[in-house]
Amino acid sequence: MGLLTTGLPLSWEEILPYVDYIKEHGIAQFLSIYNKAKHREDNLFRWGDEIEYTIVKFDHEAKKVRVCLRGDEILKQLQAQAEVNDMMGTDNKTIWAPELCGYMIEGTPGHPYGALLACFNMVETNMIKRRKEVQKHLNEDEALMSMSFPALGALDFTYPPTKIDMKNSYGKSMWFSDEVIHQGHPRYTNLLRNINQRRGEKISINVPIFKDEKTPWPFTEEFECPEAKKNAKENHIYLDHLGFGPGCCCLQITFQTINMEEATWLYDQLAPITPIVVALSAATPIYRSYLADVDSRWDVISASADDRTAEERGIVPLKNSKFILDKARYACLSCYIHETSQPYNDIKVVYEDNILQKLIDEGVDEHVARHIAHMFIRDPIQVYKERLEQDDENATEHFETIQSSVWNNMRFKPPPSDNSSIGWRVEFRPTEVQLTDFENAAYCCFVVLLTRVIVSYNLVFVTNISTVNQNMRISQKRDAVLNEKFLFRNKLIRCEMTSDGKRKIPDKNEPSFETAEMSVNEIINGDGKEFPGLVPLIFQYLDEAETDVNTRETITQYLTFIQKRAAGEISTLAHWMRDFVQGHPKYAKDSHVPDETVYDMIKTMNEITDGTKECPKLLGDFKSKTEREVTSAVCRAEAAIVAAHEKSVVN
Ligand code: ADP
Ligand code: MG
Ligand code: MG
Ligand code: MG
Ligand code: MG
């Protein structure tokens, strides 16, 4: 989560006097990058994934599994190895980074992938390699799992044990000790502290509980804590700490576009796809060892990182805060940024007029300016004492501190600096992480190829932004992939390219602008009428592109897998986990998942991940592409293109 810097992190009270100063300089820093990079046309399509992992420790005797807080220790070993590789001139094929909780670790490929379709032969192999690298540092009873731990906050859920201190901790949680937060870098505890301090009371999250045969109804829990007494809702699983949110793992994908216009356009077109992928990737049905009535973590993270004051939340009248804010800083986005999407911006966005004006006056496209101004209604919560004063022409930290702590389903990423070989990028952020590398590769393949289709055919998916927000709420419901309908465009529209290379779409009033209630299956596989389906569109694109047989087979496996998930022939992980719990002898049909059930389930999940157990319900008859080799000629060609390009950018 966000920017990594060294220094002494300031508390919220210490930041407060500098808020306007930091925003002013953050905007100046953005302007510096923007104005130097806005005409860049030199970027190649590139992309890369990020996977967050949970390290667990099994206690086979007690039939208990816990999260293992050795993340930082293992990370340091991985990073030491990377340094050795650098020194020896050996290419690093992976990059490791810390994450919010001490049991987490984030892995990315060592280099982004390029536009050649043959790269899809490498994606899963790289993910497998990542896993193996970490496994070298694990003890026999530990495992690296790409999943969200279902018993966070349950009694004794960490190894080593952590102490609850509701009085003196920052989080003041009844269940989640601050010690579970990553300790290797002060920024994580600082984030926790400042979110709570800014909010002015502890975090409060209510997840609807799943009602089973014997669930006491109404479902209520007795709490001593006055805030819990006030905030916990009936028939909900109550949670009260930042860690419950970003302590769940996710899969993210970043794409570089050829220029800024394409980035803004892709950002918009992918936004309506995000809820569909949430439903399709659902993997988080259990919180604090209770079965929830939702399958995905999105709203949980949103509430867990909600730093809005009571005034901003509209609970008390505005006095010290500037705005009432409808959403937390982790939320579904509220505005499109490409010119062609403006008729679909039907949510009122707040911003400070002077910030918007400044951006526009300094030459920023008005829609991008509005997005940035809207983002800057959030205060910086991660500031380092030594770095308050910065050279706005060369530094970007005051911009990044806001940019990297506003967490939307899509992120618009400007070049990291004005002389970087990295260009304009967008990040696709909502996907729930999958248990196996095969699945994670499949979701990457699907989303990445969809960007190729959108760009090649100039397809338009934008619908009203309020609809996207509504779809995001629907997408998290239990078995949304099977049961829910989403308002989605049911006719294909292609936008036209004007002579100056800009995109233009038909009028909103034309009959081609239509949405219909569609299931995920209809959206992915086609509705049998006018909408061909996203995956068939990708296959059409592939038919026109040149691929070798090997690559085509790899991609076909991934896409067919996605199709089967969408059709309900293969379960989501969330569905599979529910089934497992409900079929487990220790489960008393009361929505509470006993430790032994959690243990058996995660043990089974680990066996599925490492391939020792087959699981057709979750994976069909698809097999991991272990060590599928890309012809080395393809790798060399790709590397040569990238190297030549980087040279030309640097020169
Ligand atoms: P963040 O956490 O800010 O989203 P990370 O550095 O963790 O960023 O991940 C960024 C992802 O973007 C990685 O998968 C990386 O491979 C990929 N990436 C790096 N450079 C580029 C680039 N020029 N174009 C596209 N993707 C890139
Ligand atoms: Mg992350
Ligand atoms: Mg990050
Ligand atoms: Mg990252
Ligand atoms: Mg990311």
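V350 is in contact with F323, L325, H374 and I377, leaving aside its neighbours within four places in sequence. Contact here means that two C-beta atoms, placed from the backbone, lie within 7 Å. V350 and L325 are 25 residues apart in sequence, but their C-alpha atoms are 7.9 Å apart in space. V350 sits in the loop between α9 and α10 (353–361). Helices (H or I, at least four residues) and strands (E, at least two) are DSSP runs, numbered from the N terminus.

This is a predicted model: local features need pLDDT of at least 70, side-chain atom pairs count only at pLDDT 80 or more, and totals for chains, interfaces and linings use all residues. Residues are numbered from 1 along each chain as its sequence is written, while chains are lettered from A and ligands numbered from 1 in the order in which they are written.

Is V350 buried or exposed? It is partly exposed, because 13 other C-beta atoms lie within 10 Å. A residue is buried if 20 or more other C-beta atoms lie within 10 Å of its own, exposed if 12 or fewer, and partly exposed in between; C-beta atoms are placed from the backbone.

Now turn to helix α7, residues 260–270. Of its 11 residues, 10 are buried, so α7 is largely enclosed by the rest of the structure. Among the buried ones are M260, W265, Y267 and L270. The charged residues E262 and D268 are buried in α7 too. (Asp, Glu, Lys and Arg count as charged; Ala, Val, Leu, Ile, Met, Phe, Trp, Tyr, Cys and Pro as nonpolar; the others, Gly among them, as polar.)

Helix α14 (residues 465–475) has these buried residues: I465, V468, N469, N471, M472 and S475. Seen down the axis of α14, they fall within an arc of 160 degrees, so they line one face of the helix. The arc is that of the directions from the helix axis to the C-beta atoms. An α-helix has 3.6 residues a turn, so residues three or four places apart point the same way. What do the buried residues of α14 pack against? They pack against α8 (274–281), α9 (298–304), α15 (480–483) and β15 (486–489).

Next come the strands. β1 and β9 pair in the antiparallel sense over six bridges. Two strands pair if DSSP finds at least two bridges between them. W47 stands opposite F255 in β9. Four bridges join β9 to β13, and these two also run antiparallel. Here T254 stands opposite E427 in β13.

These strands lead to ligand 1. Its shell holds 16 residues, and the closest are R46, G48, P112, T254 and Q256. A residue is near a molecule if its C-beta atom, placed from the backbone, lies within 6 Å of it. Two or more shell residues come from each of β1 (46–59), β4 (104–109), β9 (251–256) and β13 (425–428). β1 gives the most, with five residues. By class, the shell has six nonpolar, five polar and five charged residues.

Last, some backbone exceptions. Most residues other than glycine have a negative phi, and most peptide bonds are trans. The peptide bond from Y159 to P160 is cis, with omega near -10 degrees. Another cis bond joins W217 and P218, with omega about 0 degrees. D156 has a positive phi of about 60 degrees, although it is not a glycine. D156 counts as exposed, because it has 12 C-beta neighbours inside 10 Å. S289 has a positive phi near 65 degrees. S289 counts as buried, because it has 21 such neighbours inside 10 Å.
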